[in-house]
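Reader: I've got this model open and I'd like to know where the labels come from. Can you take me through them?

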Amino acid sequence: LPGKQSLSGKINVGMELAGTAAGLHTLKGRGQMNLKNATLGELPVMLAMLKVFSIREPDRTAFDSGAIDFRVEGQHIYLDSIELTGNAISLL
């Protein structure tokens, strides 16, 4: 089905968060998420063919690991950096 994909993997999240009982607007913090052994997204067939040059068996997995640095300010979460890594392509 369009828009639906199977996702799997391990995620580790570390976060520091502080605030007061005055409300969510007082929240402040930062953290990092790390993805490992993941299958995120599918590559178009032409890009998947680039994997033929690696030692691994070709598949259509776009990314297999990643890291996201984020911060919390009040009710908002800001993604400061996103790094997704795969055999054929990587995005920063």
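Author: Here's how the labels are earned, one at a time. This is a predicted model, so local features need pLDDT of at least 70, side-chain atom pairs count only at pLDDT 80 or more, and totals for chains, interfaces and linings use all residues. Residues are numbered from 1 along each chain as its sequence is written, and side-chain values use heavy atoms, with hydrogens and water left out.

Reader: What makes up the secondary structure of the chain?

Author: One helix and six strands, running β-β-α-β-β-β-β from the N terminus on. Those are DSSP runs numbered from the N terminus: helices are H or I with at least four residues, strands are E with at least two. Strand β1 covers residues 8-18, and L17 is found there.

Reader: Why is L17 called partly exposed?

Author: Buried means under 20% relative accessible area, exposed means over 50%, and partly exposed is in between (1.4 Å probe, protein chains only). L17 has a relative accessible area of 45%, so partly exposed it is.

Reader: What makes I11, V13, M15 and L17 a patch?

Author: Patches are made of residues with over 30% relative accessible area and no salt bridge; like charges are joined within 9 Å, and nonpolar side chains (Val, Leu, Ile, Met, Phe, Trp, Tyr) within 5 Å. I11, V13, M15 and L17 form a nonpolar one on the surface, with about 380 Å² of accessible area together. Accessible areas come from the Shrake-Rupley method with a 1.4 Å probe, and for residues only the protein chains shown count as cover.

Reader: How do you know that R71 and E73 meet in a salt bridge?

Author: The rule asks for a side-chain nitrogen of Lys or Arg within 4 Å of a carboxyl oxygen of Asp or Glu. R71 and E73 come to 2.8 Å, N to O, so the label fits.

Reader: Which residues are linked in a network of salt bridges?

Author: R71, E73 and D80. D80 forms a salt bridge with R71, with the closest N and O atoms 2.8 Å apart, and the structure holds two salt bridges.

Reader: Are R71, E73 and D80 buried or exposed, and why?

Author: In between: R71 has a relative accessible area of 29%, so R71 is partly exposed. E73 counts as partly exposed because its relative accessibility is 34%, and D80 is partly exposed because its value is 44%.
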